[in-house]
Amino acid sequence: MLAPHVSRVRALYRRILLLHRALPPDLKALGDQYVKDEFRRHKTVGSDEAQRFLQEWEVYAAVLWQQTNQNGQNSTEKVCFGAALPEEKLNHFRDEQIGQLQELMQEATKPNRQFSITESRKPTF
């Protein structure tokens, strides 16, 4: 039987990838890749860091769930995803995390994103 920690991680990972389905294709691709890399990177961390990691990703999932549900209700408004990062939280980041955050921001705001995603279409005969 799986340890409660492992099943919690897997459930959170699946929930986030499901929530990403509501994002525009380019943000979904970027978000999916980032989530996969982060969860893989944190497989062997200690229990304290694992707890913080899970708490932060659970907050992310809750915010994304709320934003996708609000945005789905009123299609006339411009869809907006994300949240402001308080300076106090930013001050607790390590240099490596600041670098990752900067790379993520640059990728998310590129006019020509690295990912080339097209909607799947049924073949026409």
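This is a short tour of the model you have open, one selection at a time.

**Before you click**

What you see is a predicted model, where local features need pLDDT of at least 70, side-chain atom pairs count only at pLDDT 80 or more, and totals for chains, interfaces and linings use all residues. Residues are numbered from 1 along each chain as its sequence is written, and side-chain values use heavy atoms, with hydrogens and water left out.

**Stop 1: the whole chain**

Show the chain as a cartoon. You should find five helices and zero strands, so the order from the N terminus reads α-α-α-α-α (helices are DSSP runs of H or I with at least four residues, strands are E runs of at least two, and both are numbered from the N terminus). Of the 125 residues in the chain, 20% are buried. Here buried means under 20% relative accessible area, exposed means over 50%, and partly exposed is in between, using a 1.4 Å probe and protein chains only.

**Stop 2: helix H2**

Select residues 25-41, which form H2. H2 has 17 residues and spans 24 Å from its first C-alpha to its last, close to the 24 Å expected at 1.5 Å a residue. That expected span is 1.5 Å times one less than the number of residues. Now colour the buried residues of H2: Ala29, Leu30, Gly31, Asp32, Val35, Glu38 and Phe39.

**Stop 3: Glu38**

Stay in H2 and pick Glu38. Is Glu38 buried or exposed? Glu38 counts as buried because its relative accessible area is 6%. Leaving aside neighbours within four places in sequence, Glu38 is in contact (heavy atoms within 4.5 Å) with Phe53, Trp57 and Gln100.

**Stop 4: H2 against H5**

Add residues 95-108, helix H5. The two helices pack at an angle of about 165 degrees, and their axes are 11 Å apart. The axes are lines fitted to C-alpha atoms, for helices over the stretch in contact, and angles run from 0 to 180 degrees between N-to-C directions. H2 and H5 are therefore roughly antiparallel; angles over 145 degrees get that label, under 35 is roughly parallel, 65 to 115 is roughly perpendicular and the rest is oblique.

Which residues meet here? Leu30, Tyr34, Glu38 and Arg41 in H2 meet Glu96, Gln100, Leu104, Glu107 and Ala108 in H5.

**Stop 5: Val9 in H1**

Jump to Val9, found in helix H1 (residues 4-20). Val9 is partly exposed because its relative accessible area is 21%. Not counting residues up to four places away in sequence, Val9 touches Phe39 and Leu54. Try a distance label from Val9 to Phe53: they sit 44 residues apart along the chain, and their C-alpha atoms are separated by 9.8 Å.

**Stop 6: Gln70 in H3**

Finish with Gln70, in helix H3 (residues 47-73). Gln70 counts as partly exposed, at 47% relative accessibility. Label the distance to Cys80, ten residues along the chain, and you should get 9.8 Å between the C-alpha atoms.
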